[in-house]
Amino acid sequence: MASTNDLKNGLVLKIDGQLWSVVNFQHVKPGKGGAFVRTTLKNVLSGKTVDKTFNAGVKVETANVDRREMTYLYDDGTDFVFMDQDTYDQVTVPRPVVGDAADYMLENSNVVIARHDDEPLYVELPASVELSVSHTDPGVQGDRSTGGTKPATLETGAEIQVPLFLNTGDKVKVDPRDGRYLGRVNTK
């Protein structure tokens, strides 16, 4: 248990049997009436965001979420297998929990896995990942005032939009949260 005065970004609360992560919070002390805390909470499992207001000093139940860096080993068809870097234990994470992160994970890459009561909650990738372009059509420069884009398939099978000058085999930096192209990686 914690007080609303102890709230901070990233803290996971247990409300009505569900886990909610504090995205944003603001302590408000109006001129009239009691102080309160205005929060934005994100459901850990579904990703749904809600605004919730708590009276100042109210006790809220916190959840113990264990976040560990692990190495992605392989996909066994139904689940993904990761290895804890400290204990070398292998952890199996169901495909729905991994979700869209699977589009940007290469074998032997490091990710953060959050677990609550040994139940995997979500997989968190780094802010950017470097992947090779496995296929893209040659870009044709035409009459346009801004740079154009074309679809490209990455080595993981994900499809993103890239600038026209990229070719098959180029290495690119991608934001795994939204699949946005961030830049080309020099391999020399």
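## Strands 15 and 16

Strand 15 and strand 16 (residues 180–185) pair in the antiparallel sense over five bridges. Within this pairing, D175 has R180 of strand 16 as its bridge partner. The two strands form a hairpin with four residues between them, and G179 there takes a positive phi near 75°. The model described here is a predicted one.

Strand 15 also runs antiparallel to strand 12, to which four bridges join it. One position in that pairing is S132, whose bridge partner in strand 15 is K171.

## T136 in strand 12

Strand 12 also holds T136. Is T136 buried or exposed? Its relative accessibility is 7%, and a residue counts as buried when that value is under 20%, so T136 is buried.

Setting aside residues up to four places away in sequence, T136 touches K150, P151, A152, L166, N167 and T168. With P151 there is a polar approach as well: a polar atom of the T136 side chain lies 3.0 Å from the backbone oxygen of P151.

## The central domain

UniProt, in an unreviewed entry, places the feature "domain: Translation elongation factor P/YeiP central" at residues 67–121. Over this stretch the chain is 55% strand and 7% helix. The C-alpha atoms at its two ends are 10 Å apart.

## An open sheet of five strands

Five strands form an open sheet with antiparallel pairing, in the order 9-8-7-10-11. Strand 9 and strand 11 are the edges; each has a single partner strand, so one side of each has no neighbour in the sheet. From one strand to the next, the twist averages 45°.

Two of the pairings can be followed in detail. Strand 7 and strand 8 are antiparallel and share five bridges, with Y72 standing opposite F82 of strand 8. Strand 10 and strand 11 (residues 119–124) are likewise antiparallel, over five bridges, and here H116 stands opposite E119 of strand 11. Strands 10 and 11 form a hairpin with two residues between them, and D117 in the turn has a positive phi of about 55°.

## Two nonpolar cores

In soluble globular proteins, nonpolar side chains tend to be buried together. The largest nonpolar core of this model has 26 residues. Which of them touch the most other members? They are F82, V98, Y104, M105, V123 and L154. Two or more residues each come from strand 7 (66–75), strand 8 (79–84), strand 9 (90–94), strand 10 (110–116), strand 12 (129–136), strand 13 (149–154), strand 14 (159–163) and strand 15 (171–175). Strand 12 supplies the largest share, three residues.

V123 shows how such a core residue is surrounded. Apart from its neighbours within four places in sequence, V123 is in contact with F82, V93, V97, V98, A101, M105, V111, V112 and I113. A second core, separate from the largest one, has 10 residues, including L7, I15, W20 and V60.

## T53 in strand 5

T53 is found in strand 5 (residues 49–55). Not counting residues up to four places away in sequence, T53 touches F36, V37 and R38. T53 and H27 are 26 residues apart in sequence, and their C-alpha atoms are 9.9 Å apart in space.

Methods: Residues numbered from 1 in each chain as written. Predicted model: local features only at pLDDT ≥ 70, side-chain atom pairs only at ≥ 80, totals over all residues. Heavy atoms only, no water. UniProt positions renumbered as here; feature names shortened; annotations may be inferred. Core = buried A, V, L, I, M, F, W, Y, C linked by side-chain atoms within 4.5 Å. Buried < 20%, exposed > 50% of the residue type's maximum accessible area, 1.4 Å probe, protein only. Contact = heavy atoms within 4.5 Å. Pairing = 2+ DSSP bridges. Axes fitted to C-alpha atoms, helices over the stretch in contact; angles between N-to-C directions. Polar contact = N/O pair within 3.5 Å; in protein donor to acceptor, adjacent residues only side chain to side chain.
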